[in-house]
Amino acid sequence: MVNVTVTTIEDPERALAMSYAPADRRAGLRALFALDAALGQVLRTTREPMVGQMRLAWWREALAKLDTAPPPAEPVLEALAADVLPLGLTGEALATMNDGWELLLGPVDQHAIDEYGRLRGAVLFEVAGAVLGSVDDPLAEAGRGWALADLAAHLSDPVLAGIARDAALPLLVGATARRWSRKGRPLGALTHIARMNLAGPATARRVARLAWHRLTGR
């Protein structure tokens, strides 16, 4: 099990990217990233892998049950039931995100890091793209790069962080080279943020870069 912290959706730049979504889809988008943060919080607050697996199993079961029953009194699940599932998505599909986080509870190597990027990031971005109505955007590539860059920034092991960073960069470069559709630009902005995070400390130009992406999709 590795030590990892979690970036939350209260991050100002991430909040700015979320604001690019159409007003009627922002709640659904925020609910998805709140779920991602909740799953990551399991790792941040768990020392024993078995306990972490049990807590993730609870989330997996609770998400799957959204397809057949009202949500329990848990804010993230209530938000997903209200703002995501009515758009044609399923709790079972959302439960796949658990598998990515669960990989960090065991031995972490190159394969585990790659699978984490796919099962956390690609799944999250593809589901978020469905919420937004994104078409022909590089969702899987961007999602993998975004998740791996986030992992690289929060891993305590510098060797593993370097592996995640090296895997993230070409994915982010490829995804940011594309023109994003108007509906997909919140996710495109998150992709640009992840790439800028890999490049170094924050600068005043970052907000201007995100504004340019909002206007042009580049």
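Let me begin with helix 3 (residues 49–65) and helix 4 (residues 75–83), which pack at an angle of about 30° with their axes 11 Å apart; axes are lines fitted to C-alpha atoms, for helices over the stretch in contact, and angles run from 0 to 180 degrees between N-to-C directions. This is a predicted model: local features need pLDDT of at least 70, side-chain atom pairs count only at pLDDT 80 or more, and totals for chains, interfaces and linings use all residues. Residues are numbered from 1 along each chain as its sequence is written, and side-chain values use heavy atoms, with hydrogens and water left out.

Because angles under 35 degrees count as roughly parallel, helix 3 and helix 4 are roughly parallel to each other. At their interface, W58, W59, A62 and L63 of helix 3 meet V76, L77 and L80 of helix 4, where contact means heavy atoms within 4.5 Å.

I turn now to the core. The largest nonpolar core (buried Ala, Val, Leu, Ile, Met, Phe, Trp, Tyr and Cys residues joined through side-chain atoms within 4.5 Å) has 66 residues, of which L32, F33, L35, L80, F125 and L187 touch the most other members. Its largest share, 10 residues, comes from helix 7 (residues 110–132). Beyond its neighbours within four places in sequence, F125 is in contact with residues including F33, W146 and L187.

Finally, D36 lies in helix 2 (residues 26–44). D36 is buried, with a relative accessible area of 0%, the cut-off for buried being under 20% (1.4 Å probe, protein chains only). Outside its neighbours within four places in sequence, D36 is in contact with M97, W101, R120, L124 and W146.

Definitions and conventions: Buried means under 20% relative accessible area, exposed over 50%, partly exposed in between (1.4 Å probe, protein chains only). Helices (H or I, at least four residues) and strands (E, at least two) are DSSP runs, numbered from the N terminus. Angles under 35 degrees count as roughly parallel, over 145 as roughly antiparallel, 65 to 115 as roughly perpendicular and the rest as oblique.
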